[in-house]
Amino acid sequence: KQSPVESNMAEPEKTETPKAKTREEQLREQKEAQEQIDALLKQTRPKNIGQGVTSGIGNIVGGALGAVGIIVVAPVMGATVGAQGAGVVGGTVGLVGGAVAGVVGGAAVLVGGTVQGVAQIVRGVAAQPDAMIQPSKGKWWNEHEGKWIETNLEDESKALSGVPSDDKDILGAAQDEIAEETSGDGSGAANVKDTYYYDCLEVAPDAEQGKIKRQYYVLARKYHPDRVGPDDKESADKFKEIAEAYQVLSDPKLRKAYDKDGREALSGDKTTTNEDGPSIDPALLFAFLFGSDKFNDYVGRLAMAS
């Protein structure tokens with residue numbers, strides 16, 4: 001039988017030592033760190049010596065201001081915290097400790113900003129030859145990627161040739177998306193006095209704002225005068241109707257008044273509820289939201305529309 005003394009002399013509990021990282025894990029971490037560094041350098045890469053000098057001076061000045069701020073704030077913070085804990089003596093110790101920490105931290109920030117600033121100036125000088133040569137080769141500077149990019153107009157033309165002129169690639173997808181969405185259970189229809197504008201946009205009275213906007217875009221593209229031609233009076237009238245409908249249903253205040261009292265609650269131009277205001281051109285409304293087809297040959301279709 002084990003005695004109490006022997007029991008107290010039992011072997012101490014062993015602590016597990018942390019498992020060493022494998023070679024693969026180390027390489028993966030190094031790769032991730034390198035990618036982060038490369039991304040940072042790519043974002044700050046200057047286009048030419050001018051950008052390098054500007055960025056470098058900014059880094060140096062920023063580092064100097066940061067250093068001054070740390071040197072001033074650290075002693076004050078140290079003295080305040082020390083005084084709260086141990087009175088005058090603690091405040092004095094905190095002041096001295098904060099001053100030392102402020103000097104060390106400020107020096108680190110200043111050195112870091114200076115090193116980064118000098119590096120940017122050097123990179124700007126190194127980038128200057130490309131800044132003089134690459135434009136003559138038809139390349140342009142991409143600020144987001146931090147590099148020179150060549151745009152091949154023949155390739156762009158081939159890519160654009162695959163885009164249907166009737167925007168079927170956009171309208172078809174939007175129509176399918178609208179068809180798949182539930183239009184509601186119709187519970188809101190009982191509270192709507194007039195469904196004319198909802199019928200113009202071919203949506204249910206309880207349709208959400210997102211669906212109303214998408215449906216307006218689909219129909220407006222279909223009946224837009226730039227697409228159907230100025231002589232199609234029926235399409236022109238339809239275009240005005242759906243623009244007026246969207247103008248009302250996209251405004252929560254107008255929609256609420258319309259749902260309650262119908263079109264009689266709105267002003268003559270359908271922009272307000274109680275007083276007349278400037279009439280909005282339906283073509284201008286569409287262009288404001290989605291752009292104009294007249295500029296497609298120059299800038300392509302807007303990202304918002306596509």
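This is a short selection-by-selection tour of a predicted model.

**Whole chain.** Start with the protein chain, all 306 residues of it. Colour by secondary structure. The chain holds 12 helices and 2 strands. Now trace the order from the N terminus. Three helices come up, then the two strands, then helices for the rest of the run.

**Confidence.** Recolour by pLDDT. The mean over the protein chain is 74. A pLDDT of 70 or more is reached by 65% of the residues. Keep this colouring on for the last stops.

**Surface and burial.** Switch on the surface. The protein chain exposes about 20,400 Å². Carbon and sulfur atoms supply 58% of that area. What share of the residues counts as buried? The figure is 28%.

**Contacts.** Turn to contacts between residues with a separation of 6 or more. In the protein chain, 60% of these join residues 24 or more positions apart.

**Helix H3.** Select residues 49-133, which make up helix H3. Within this selection, pick Met77. Add Val68, Val72 and Val73 to Met77, and a nonpolar surface patch appears. The patch covers about 370 Å². Show these side chains as sticks under a transparent surface.

**Low-confidence stretches.** Go back to the pLDDT colours. Select residues 274-279, where pLDDT stays under 50. The model gives this stretch 10 contacts beyond four places in sequence. Then select residues 302-306. Here too pLDDT stays under 50. For residues 302-306 the model has 8 contacts beyond four places in sequence. The tour ends here.

Definitions and conventions: Residues numbered from 1 in each chain as written. Predicted model: local features only at pLDDT ≥ 70, side-chain atom pairs only at ≥ 80, totals over all residues. Heavy atoms only, no water. Helix = DSSP H or I, 4+ residues; strand = E, 2+ residues; numbered from the N terminus. Buried < 20%, exposed > 50% of the residue type's maximum accessible area, 1.4 Å probe, protein only. Contact = heavy atoms within 4.5 Å. Areas by Shrake-Rupley, 256 points an atom, 1.4 Å probe, with all protein chains shown as cover. Patch = residues over 30% accessible without salt bridge, like charges linked within 9 Å, V, L, I, M, F, W, Y side chains within 5 Å. Salt bridge = Lys/Arg side-chain N within 4 Å of Asp/Glu carboxyl O. pLDDT = per-residue confidence, 0-100.
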